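Subject: Handover of a structure and notes on its contents

Dear colleague,

I am passing on to you the structure shown below, together with an account of what was found in it. Please keep it open while you read the notes that follow.

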Amino acid sequence: MSKALKAALILSFFVSTTILISRGFRASKIPNGNKFDCANCHVNPNGGGARNAFGQAVGARVSPGGFEDFWDESLANLDSDGDGFTNGQELQDPSGTWRTGQPNPGDINLVTNPGDPNSKPDPTSVEDMILSAKYELHNNYPNPFNPSTRISFAIPRNEFVTLKIYNIKGQEVKTLVRGNFPAGVYQFEWNGKDDNNVDVAAGVYIYSISAGHFNKSARMILLK
Ligand SMILES: [Ca+2]
């Protein structure tokens with residue numbers, strides 16, 4: 001075998017290996033990228049060749065052969081394939097907060113292809129996803145606390161809201177909030193007293209919100 005031929009074979013081995021590695025590597029850098037793998041970015045479902053519109057957006061964000069992370073809020077907010085749904089909505093990470101290596105967000109069964117205009121999600125599931133992303137129970141602050149702490153939550157539409165505090169045994173200690181609220185962000189202070197206006201003991205407490213179908217609880221610590 002001539003030196004030139006050997007060199008050409010070695011070079012083609014490295015080039016093809018590098019392309020294969022970078023393809024698999026990049027699919028692992030988008031949320032739920034394993035569902036469509038190479039077809040997320042390439043017209044040919046087996047990969048290689050022309051990139052689809054999503055692949056072009058990815059290509060614009062990485063250096064040739066580079067392994068940098070590129071999934072972010074701005075890529076999530078694009079509708080690369082023009083099917084009326086953002087890349088983030090198609091990949092179950094509407095706000096683009098997922099990062100490489102984290103568990104896949106959302107439901108992989110609902111994931112559609114961000115580079116294929118014929119593959120798009122059910123509008124109802126997108127609406128649910130957007131709404132549920134906007135309900136939030138924030139961490140109380142300060143925590144641990146003495147003598148009082150603030151608890152805030154967000155709701156995307158008018159809801160009947162209850163925000164209750166329980167002790168570690170699950171016994172209700174205090175109803176902090178109970179009523180109808182329009183969409184918005186709210187903050188309430190808990191002064192460490194129960195429903196009878198008696199100081200509670202130091203320890204771990206649980207605050208729990210219920211707003212429509214949204215329920216969430218978190219822990220806080222009262223120090224004395
Ligand atoms: Ca699509």
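How many bridges join strand E3 to strand E6, and in which direction do the two strands run? There are 7 bridges between E3 and E6 (residues 203–211), and the two strands run antiparallel. Please bear in mind throughout that this is a predicted model.

**Strand E3 and its partners**

One pairing between E3 and E6 can be named: Asn-167 has Tyr-205 in E6 as its bridge partner. E3 is also joined to E4, by 8 bridges, and this pairing is antiparallel as well. Here Leu-163 has Val-177 in E4 as its bridge partner. The hairpin of E3 and E4 has 4 residues between the strands, and Gly-170 in this hairpin adopts a positive phi near 90°.

E3 is mostly covered, with 7 of its 9 residues buried. Glu-159 belongs to this strand, which spans residues 159–167. Is Glu-159 buried or exposed? Its relative accessibility is 10%, so Glu-159 counts as buried, the limit being 20%. Leaving aside residues up to four places away in sequence, Glu-159 touches Tyr-135, Gly-179, Asn-180, Phe-181, Ala-211 and Gly-212. Two of these contacts, Tyr-135 and Phe-181, return below among the aromatic pairs.

**The open sheet**

Strands also form an open sheet of 3 members, in the order E1-E2-E5, with antiparallel pairing. Its edges are strand E1 (136–137) and strand E5 (184–190), each of which pairs on one side only. E1 is joined to strand E2 (residues 149–155) by 2 bridges, and these strands run antiparallel. Leu-137 stands opposite Phe-153 of E2.

**Aromatic pairs**

Over the whole structure, a search finds 8 aromatic pairs. One of them is formed by Tyr-135 and Phe-214: the ring centres are 5.3 Å apart and the planes stand at 25°, so this pair is stacked. It links distant parts of the chain, since Tyr-135 lies in the loop between H5 and E1 while Phe-214 lies in strand E7 (residues 214–222), 79 residues apart. Both partners are covered: Tyr-135 is buried at a relative accessible area of 9%, and Phe-214 counts as buried at 16% relative accessibility.

Phe-153 and Phe-181 form an edge-to-face pair, with 6.0 Å from centre to centre and 90° between the planes. This pair too links distant parts of the chain, with Phe-153 in strand E2 and Phe-181 in strand E4 (residues 172–181), 28 residues apart. Phe-153 has 0% relative accessibility and counts as buried; Phe-181, at 13%, also counts as buried. Ring pairs further link Phe-153, Phe-181, Tyr-186 and Phe-188 into a cluster.

**The calcium site**

Which residues coordinate the calcium ion? Side-chain oxygens come from Asp-81 (OD), Asp-83 (OD) and Glu-90, the last with two OE entries. Asn-113, Asp-116 and Ser-119 each contribute an atom named O, and the coordination distances are 2.2 to 2.6 Å. Along the sequence, the donor residues follow the spacing D-x1-D-x6-E-x22-N-x2-D-x2-S.

Two of the donors may be set side by side. Asn-113 is buried, with a relative accessible area of 5%, whereas Asp-116, at 27% relative accessibility, counts as partly exposed.

**Helix H5 and the two domains**

Helix H5 comprises 12 residues (residues 123–134). From its first C-alpha to its last it reaches 17 Å, close to the 16 Å expected at 1.5 Å a residue. Within H5, the residues Ser-125, Val-126, Met-129 and Leu-131 are buried. The buried residues of H5 pack against helix H4 (87–90).

The domain assignment of the protein chain gives domain 1 (3–122) and domain 2 (135–222). The C-alpha centres of these two domains lie 41 Å apart.

I hope that these notes will serve you as an introduction.

Yours sincerely

Technical notes: Residues are numbered from 1 along each chain as its sequence is written. This is a predicted model: local features need pLDDT of at least 70, side-chain atom pairs count only at pLDDT 80 or more; totals for chains, interfaces and linings use all residues. Side-chain values use heavy atoms; hydrogens and water are left out. Donors are N, O and S atoms within 2.8 Å of the metal (3.2 Å for Na, K and Ca); water is not among the atoms, so sites may look incomplete. Buried means under 20% relative accessible area, exposed over 50%, partly exposed in between (1.4 Å probe, protein chains only). The expected span of a helix is 1.5 Å times one less than its number of residues. Contact means heavy atoms within 4.5 Å. Two strands pair if DSSP finds at least two bridges between them. Domain bounds come from an automatic or database domain assignment. Rings of Phe, Tyr and Trp (its six-membered ring) pair if their centres lie within 6.5 Å; planes under 30 degrees apart count as stacked, over 60 as edge-to-face and the rest as tilted.
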